[in-house]
Amino acid sequence: MEEFEPTIVAFVCNWCTYTAADLAGTARMTQFPNVRLIRMMCTGMVDPKYVIKALLAGADAVLISGCHPGDCHYINGNYKARRRVKLLQEILTGFGIDTRRVKLTWVGASEGNEFAETVNHLVNEIRELGPIETRELMVV
Amino acid sequence: MANRIGVYVCHCGTNIAGKVDSVGVAKFASTLKNVVVGRDYKFMCSDPGQEMIIRDIKDLGLNRVVVASCSPRLHEKTFQGACQRGGLNPFLFQMTCIREHCSWVTKDFDEATEKAKHLVAAAVSRVNYHAKLYHREENVHPDVLVVGGGIAGIQASLDVAKSGHRVHLVERDASIGGHMAQFDKTFPTLDCAACISTPKMVAVSQEPNINLMTYSEVTEVSGFVGNYQVKIKRKPRYIDETKCTGCGLCMEKCPKKVLSEFEEGISMRRAVHRNSPQAVPNIPVIDAANCLKLTKDKCGNCEKFCPSGAIDYTQTETELELDVGTIVLATGYDILDPTPLKQYGFGRYPEVYTGLQFERLNNAVGPTGGKIVMKNGQPPESVAIIHCVGSRDKNYHEYCSRTCCMYALKYDHLIKDKVGHHVKIFNFYIDMRCFGKGYEEFYRRVQEEGVSFIRGRPGEITDQAQTPEEEGKLIVVSEDTLLGRRIRVPVDMVILCTAMEPRKDTAEVARIFGISQGMDGFFLEEHPKLGPVSTATDGIFLAGACQGPKDIPDAVAHASGGAAQAMALAARGKVSISPTTSWINPDICIGCKMCIGLCAYSAIEFDERRGVSVINEAMCKGCGSCAGHCPSGAAQIKHFTEKQIFNELDGLLMAVPPAPRAKEEEEPVKAEDTAEAAA
């Protein structure tokens with residue numbers, strides 16, 4: 001059987017994780033190509049509907065990643081993201097979507113290797129999890 | 001009118017083209033909706049590359065541009081500039097990163113090419129919904145506020161004042177000078193701290209461009225870069241600054257004695273006091289908590305004896321407001337209180353001193369007149385200096401305080417010099433860090449003076465003698481890690497090189513000025529390497545040890561850097577403010593005020609008349625906390641609108657044709673899946 005390759009969308013903050021992704025690139029840290037980045041200014045601006053939209057439009061998982069707690073460029077945007085993701089996960093559970101499909105991590109600007117590890121780890125995790133549960137249900 | 005998009009795919013030599021079929025990606029891009037032209041080029045950032053974009057904007061009438069190349073953090077400005085030169089608003093441009101996030105990190109050529117196509121499709125899809133945005137210009141108030149009058153604040157103030165701009169220097173203490181005024185000699189040159197700092201302090205008081213406010217604190221800051229409003233609390237001195245001549249008679253006549261803060265608690269001061277005869281301004285203050293007149297309405301000696309009638313018990317706290325354009329924070333550091341490190345017996349054994357106490361003991365105007373003597377008046381015959389007290393220690397501060405090795409060496413030298421060469425000195429160190437100009441040379445010089453260096457962090461300082469030689473001494477119990485042996489060293493005096501730590505009220509000050517603290521508690525700079533003096537808040541700069549432990553040369557250099565940044569804004573008189581702020585659509589806003597509570601910058605106000613929330617663009621930083629939460633979807637960040645993100649997502653998840661090489665191995669199931677989901 002053909003191995004399942006997940007599609008993952010990542011919303012990353014410009015100041016920390018996007019910079020870490022750049023650093024991982026500069027250091028040539030090989031990553032699976034499944035994760036595609038969307039640059040946001042802050043994880044605090046990631047509206048839960050962006051995540052839902054991504055999952056509906058074909059993503060098998062969504063990664064949200066920003067600055068470490070206390071390091072937010074905008075004082076506390078990442079705390080707001082943390083609360084939203086927690087709530088969102090509870091809602092998704094009700095729809096039969098595994099909460100592991102929405103992941104929130106903190107990757108600081110200097111943590112290129114951390115970023116590469118996060119990506120590779122997530123891809124492996126979702127490979128095991130398989131395609132998103134709702135895919136067959138969606139006949140939009 | 002349909003959009004006319006130009007897509008430019010960079011090869012970056014072989015950096016991208018080595019892993020991504022740039023030609024194929026450009027061809028794919030030209031098939032996308034609204035794309036008029038898709039080109040590839042070896043180096044898009046080069047002049048010919050940029051010219052290509054400019055030419056196409058003009059010849060093909062492009063109204064949107066997408067560049068797929070390196071990270072936008074590197075060249076977004078370059079290409080926005082090219083768009084502008086071609087007559088296109090720079091916000092009608094989108095850049096996507098196919099180097100750092102794609103070619104450099106993907107193993108397989110086909111996979112990398114496919115990912116690049118997704119990224120390009122996302123950028124094209126997004127750019128359709130970009131809108132013209134314009135940077136706003138704001139005037140910058142030419143005055144500069146400097147907070148803190150230590151050596152860093154003094155340096156920054158003098159630098160700015162020299163440029164002709166007015167400086168308001170606010171100092172919490174009664175005199176400027178900071179910690180440097182407490183020191184005796186400075187390493188490694190051994191020139192006296194007062195000799196080099198007092199001329200600067202006097203220069204501050206004589207500089208017509210500096211408005212010096214001592215015994216004052218900043219209580220509130222509002223506004224934004226170029227236009228800050230600052231509230232300053234002026235504490236009552238109970239002495240009329242305009243009448244006082246600084247003769248010092250009041251201090252002689254004052255009967256009330258308390259422990260002196262400036263002398264680090266090793267001697268007494270009067271209730272009316274000043275730090276030293278070199279204080280600037282040379283005006284004493286009456287300590288309201290201890291003055292007999294102010295507490296019990298007795299005494300009144302100072303008023304009786306003051307020859308100029310300057311004493312005024314009726315003074316009260318006053319508040320004033322200032323407008324400034326930029327702010328330089330030079331609030332300095334505190335010294336760790338070693339009392340919690342019980343093993344060192346500070347406070348329990350009288351002959352255990354902190355570094356700063358020893359500075360005062362050593363100082364010509366200090367309590368002993370510069371004689372290094374113990375409490376019994378005798379000079380010590382042996383001294384232990386313990387490095388890294390509270391620094392490089394997981395229980396207190398993980399960082400290195402950077403100055404202790406050097407001032408310990410200075411003490412070594414001064415003890416040998418002042419007390420005599422026979423004095424035995426033991427340095428207990430972890431690593432000697434002598435990194436500055438002339439520092440290593442000084443280390444060598446001190447080693448040659450016959451000082452002992454023992455590698456190890458002492459576990460205990462005790463007065464429990466085990467041998468007759470230890471009788472009446474303080475015994476430093478340590479491991480010598482180079483010998484791998486436990487040792488006991490009996491000494492007369494112990495000096496603790498206590499860590500430099502953030503001021504106790506750093507969190508409060510950070511809140512007032514709207515900046516953040518780093519992991520170590522010091523103020524956080526914008527970038528650890530390339531922005532060490534600026535903060536994430538525009539127009540607020542750091543100077544000296546408030547950003548992290550620094551010695552005098554580093555603090556002065558840092559302060560000059562902060563001053564230069566403030567001056568750059570003040571001199572230009574204008575500041576360009578990014579238009580990527582939030583905007584609340586008044587037609588949609590339901591007035592729930594949710595966003596107002598979420599905004600970390602107090603940038604949202606409620607318009608009672610219209611019943612909607614309104615963004616103050618001057619204060620909005622565009623973080624999107626409001627937009628991410630707005631239940632009605634009225635709040636949107638310009639350049640990160642819902643439409644733009646949704647379309648970026650659509651493009652990102654769109655089915656793309658596989659790379660040519662992989663054509664036969666293509667998995668139709670997957671393509672169908674994504675197509676279905678995208679539909």
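**Disulfides**

I started with the disulfides in this predicted model, and the count over all chains came to one. I then asked which cysteines form it. The pair is B:Cys192 and B:Cys195, and I noted their sulfur atoms 1.8 Å apart. Next I looked up the handedness of the link between B:Cys192 and B:Cys195: it is right-handed, with 90 degrees about the S-S bond. I also checked B:Cys192 for exposure, and at 18% relative accessibility this residue counts as buried.

**Cysteines outside the disulfide**

My next stop was A:Cys42, which is in no disulfide. The nearest cysteine sulfur belongs to A:Cys72 and lies 3.9 Å away, whereas a disulfide needs the two sulfur atoms within 2.5 Å. Is A:Cys42 buried or exposed? I found a relative accessibility of 3%, so A:Cys42 counts as buried.

I then turned to B:Cys497, which is in no disulfide either. Here the nearest cysteine sulfur is that of B:Cys404, 5.7 Å away. With a relative accessible area of 0%, B:Cys497 is buried.

**Helix α17 of chain B**

I finished with helix α17 of chain B, residues 642–652, and wanted to know which of its residues are buried. My list reads B:Gln644, B:Ile645, B:Asn647, B:Glu648, B:Leu649, B:Gly651 and B:Leu652. An α-helix has 3.6 residues a turn, so residues three or four places apart point the same way.

What do the buried residues of α17(B) pack against? In chain A, I found β1 (8–13), β2 (35–40) and α2 (48–56). In chain B, the partners are β4 (93–97) and α5 (109–127).

Technical notes
Residues are numbered from 1 along each chain as its sequence is written. Chains are lettered from A and ligands numbered from 1 in the order in which they are written. This is a predicted model: local features need pLDDT of at least 70, side-chain atom pairs count only at pLDDT 80 or more; totals for chains, interfaces and linings use all residues. Side-chain values use heavy atoms; hydrogens and water are left out. Buried means under 20% relative accessible area, exposed over 50%, partly exposed in between (1.4 Å probe, protein chains only). Helices (H or I, at least four residues) and strands (E, at least two) are DSSP runs, numbered from the N terminus. Contact means heavy atoms within 4.5 Å.
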